[in-house]
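Trainee: Could you take me through the aromatic side of this one up close? I'd like to see what the rings are doing, and then how that part sits in the rest of the fold.

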Amino acid sequence: MTIQQLLNLATQKLSQSKSTSPLLDAEVLLSHLLDQPKEYLFTHADQILSPKLEREFKIRLNRRIKGWPVAYINNKKEFFGLSLFVNKNVLIPRPETEGLVELVLDKAKSQKNIKILDIGTGSGAIIISLAKILGISGNKFFASDISKKALAVAQKNAKQNS
């Protein structure tokens, strides 16, 4: 099948599911699988995919049809300019949470030697964003979570985004 045929098939199937954005979901799943930007799908619409890639896409598509969030299927979520690893052990960072980061940044800009504690850090989205923007020189950032699996995800994200 070509990229366009797979996108058409996926959009049709997702339209019959709980997806509120069938085409976008299909594009994000396929572009991630191909490790290419979404624009690639349009400029290479006639490209025939290998049977292996087609099977893998259909596995991911079926997960989405069953209600899995795209971020969990791709194990990736963009947050405040960072690319974060996410899985079932953490909540998916919400766009509204970026407002919280902006609020803290406004308050912290005029401060020196600040200390920030992120309780229930999950993926680490908030604390990593703040540390990246404010810098660690003189500042201290702490993250805690009751879940060791969530802390492992946050640690992975901290290393990936340092």
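**The aromatic pair and its surroundings**

Mentor: Sure, and keep in mind that this is a predicted model. Searching the whole structure turns up one aromatic pair. The partners are Phe79 and Phe80, with 6.4 Å from centre to centre and 40° between the planes, a tilted arrangement. Because stacked rings need planes under 30 degrees apart and edge-to-face rings over 60, the pair falls into the tilted class. In general, the distance of the centres and the angle of the planes are what you quote for such a pair.

Now look at how the two rings sit relative to solvent. Phe79 is buried, at a relative accessible area of 1%, while Phe80 is partly exposed, at 23%. The cut-off for buried is under 20%, so Phe80 doesn't make it into that class.

Another ring deserves a glance, that of Phe85. The charged end of Lys156 sits over it, 3.9 Å from the ring centre.

Walk back along the chain and you come to Asn75, in the loop between helix 5 (70–74) and strand 1 (77–79). Its phi is positive, near 55°, and Asn75 is not a glycine. Most residues other than glycine have a negative phi, which is why a positive one catches the eye. Asn75 is partly exposed, with a relative accessible area of 31%. There's a similar story at Asp35, where phi is about 55°, again positive in a residue that isn't glycine. Asp35 belongs to the loop between helix 2 (22–34) and helix 3 (38–43), and at 69% relative accessibility it counts as exposed.

For helix packing, go to helix 6 (residues 97–108) and helix 7 (residues 125–134): their axes come within 10 Å and cross at roughly 40°. The crossing is right-handed. On the helix 6 side the contact uses Thr97, Leu100, Val101, Val104, Leu105 and Ala108, and helix 7 answers with Ile126, Ser129, Leu130, Ile133 and Leu134. Sort those contact residues by type and you get nine nonpolar, two polar and no charged.

Zooming out, the protein has eight helices and four strands, in the order α-α-α-α-α-β-β-α-β-α-β-α from the N terminus. Its C-alpha trace spans about 55 × 30 × 25 Å along the principal axes. Of the 162 residues, 39% count as buried, and Phe79 is buried too. As for contacts with a separation of 6 or more, 59% of them join residues 24 or more positions apart.

Methods
Residues numbered from 1 in each chain as written. Predicted model: local features only at pLDDT ≥ 70, side-chain atom pairs only at ≥ 80, totals over all residues. Heavy atoms only, no water. Phe/Tyr/Trp six-rings, centres within 6.5 Å; stacked < 30°, edge-to-face > 60°. Buried < 20%, exposed > 50% of the residue type's maximum accessible area, 1.4 Å probe, protein only. Lys NZ or Arg CZ within 6 Å of the ring centre and 35° of its normal. Axes fitted to C-alpha atoms, helices over the stretch in contact; angles between N-to-C directions. Helix = DSSP H or I, 4+ residues; strand = E, 2+ residues; numbered from the N terminus. Left-handed = near helix turned anticlockwise from the far one by under 90°. Contact = heavy atoms within 4.5 Å. Nonpolar A, V, L, I, M, F, W, Y, C, P; charged D, E, K, R; others polar.
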